[in-house]
Amino acid sequence: MPAILGKTLLDRRRAVMGYGLGIVALSVWLGAMFTVMRDSDEFIDFMNNLPSGLLSAFGIDSGTFVTAAGFLSSYLFTLFAPLFILFFVISAAAAEVMAEERDGLIDMLLSNPVSRTRVFLEKTGGVALAALLLAAVLTAALLVVNPIFDLSLSVTGVLAAGLSLWLLSLVFASLTLIAGTFTGRSVMAGGVAGSLALLAWFINSFASLYPALQPVANASPFAWYQDPNPLTDGAGAGQLWLAVTAGVLLAVATLLFRRRDLATEMAVVPATRAFRLPRRRKRRSLRAAWLLNGSFRKTVWDRRRSVWGWGGGLGFLTLVMFSVWPTLADDAQALADLVTSFPREVFAMFGMTNPEEIVTPAGLVSSRTYQAIGPILIVMFVVRGVSMAMVKEESDGALDLVLSAPSTRRTVVLNKALGVACSTALVIAILTVAALVGDLAYQTELGVGRILAAGAGLGLLGLFFGALTMAIWAVGGSSFPAVRVTAVVAMATFLLNGLGALSDAMAPARVTSPFYWYFGDNPPLAKGFEPTYFLLLAGALVLGWVAISRIDRRDIAT
């Protein structure tokens, strides 16, 4: 195997294993959920008579939802699988090229007798192969659970769905590389690609509700990804469009990288004012100097672009969900009938013992922002922040330099933790402002108190798992997979919350899950500040104290 390609795969091996484990667990979870729905005759009869436009906001095709292929398309391949694989490829593509340029590593690589084109293509090929491994893991998981739960999925359809997911990831990985070759900044490249992915998903998902989006809906890569439905129809023209687009974008990215001046951080199109990066002003340098003077301010400074990207994405999603409510409110009775037709065990798997709340504005907005996508993104943001500020700095040797300053270890780690917490609070603040604007604009009458409480609970959930990552790192060191262990714990406790609501035997164990402390039995926006939120706060403080106490005695050299 070519050396650069092999090194890229080696660097991504742990991430592939972590994401792959999550995808396997999700496949088993959704397969078990469908068996519960399939055995409900009342639910099947109701879905067969439901107006097709009602469920557009949930990404559900009522015509095929009663089949395993339709159900998995609506939940797994429309929402969770793209979220996992796009987050992986965008961050991996940005890290392999732009992050190495930022750290000065790619200069040393290019000083060897090897062409830029080869370096770029082998690094891109490594990311593509890693994404292919994730798609293959998902495909294998579905092929295994297919006979176990009698899902009646065709092998051709499962293979086509995995291929579509992989090609979709290549499109946005290429967009990441194009954005990075213009700016040379990994955060900017990831932010641009992530924003385009969110916009493309929004256009495809809500075109049926917003007529203004219909003319451009067919230009969304998510439309090619889902039309025709690969699980039911196999490969088609959509996969061809994805492959051609990914190839063209990769060719453009390769050309831009070959022309980029790595030494000056100038845009790849020279002598053009429109494409020239702005000069840094003196006052910005003064501000940067103040922010970089201290571990707390440095941590906040390093996360500044991520705050806007992650917070803006969650805020945009929140406003979209608020805007959908007036349309669904016109068919409130049909939506209520749909909820009551669902087997209650389906809601219980997500820890919801009061599903009637979904037909309210609080339940609808919570279902996406505060109970599905929001917790995943916030936990990822906090854990990633801890990893970059502490785990990675120790493995890179940067922490040694920080600790050589006249400051105690406790102070350094505490300031870094407070910096991550402050960044998280800013993300939650952006989300909360968006929710307050949506509540006012669409007259949902949720109230300031409940919106603030829901944001506080979501932030505390993220800080709990961030503190857990800190504690595992402080005990095990940078060589110990703290992030992956945290991901496994988060997944296990999420499943424990659902199983506890589903099974009386598991109910006592449910109260030990952090997700139960946050979710409870009602949507977060339908309640105020719950007493169980104090458990999340106490857990975060205790785990943080363990981390700070342990790092004060650990030999970071070993």
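Is Y533 buried or exposed? In this predicted model, Y533 has a relative accessibility of 0% and therefore counts as buried, since the cut-off for a buried residue is under 20% relative accessible area. That residue is a useful place to begin a walk through the aromatic contacts of the structure, of which a search of the whole structure finds 19 pairs.

One of these pairs joins Y518 and Y533, whose rings lie 6.2 Å apart from centre to centre with 35 degrees between their planes, an arrangement classed as tilted. The two tyrosines belong to distant parts of the chain, 15 residues apart, with Y518 in helix α25 (residues 514-519) and Y533 in helix α26 (residues 533-551). Y518, like its partner, counts as buried because its relative accessibility is 0%.

Y533 also pairs with F529, and here the ring centres are 4.9 Å apart while the planes meet at 85 degrees, so this pair is edge-to-face, the cut-off for that class being over 60 degrees. F529 has a relative accessibility of 41% and therefore counts as partly exposed, whereas Y533 is buried.

These three residues are members of one aromatic cluster, which also includes F464, F465, F494, F515, W517, F519 and F534.

Elsewhere, aromatic rings are found with arginine side chains over their faces. R303 lies over the face of F381, at 4.7 Å from the ring centre, and R304 lies over the face of W301, at 3.7 Å from the ring centre.

Terms used: Residues are numbered from 1 along each chain as its sequence is written. This is a predicted model: local features need pLDDT of at least 70, side-chain atom pairs count only at pLDDT 80 or more; totals for chains, interfaces and linings use all residues. Side-chain values use heavy atoms; hydrogens and water are left out. Rings of Phe, Tyr and Trp (its six-membered ring) pair if their centres lie within 6.5 Å; planes under 30 degrees apart count as stacked, over 60 as edge-to-face and the rest as tilted. Helices (H or I, at least four residues) and strands (E, at least two) are DSSP runs, numbered from the N terminus. Buried means under 20% relative accessible area, exposed over 50%, partly exposed in between (1.4 Å probe, protein chains only). A charge sits over a ring if NZ of Lys or CZ of Arg is within 6 Å of the ring centre and within 35 degrees of the ring normal.
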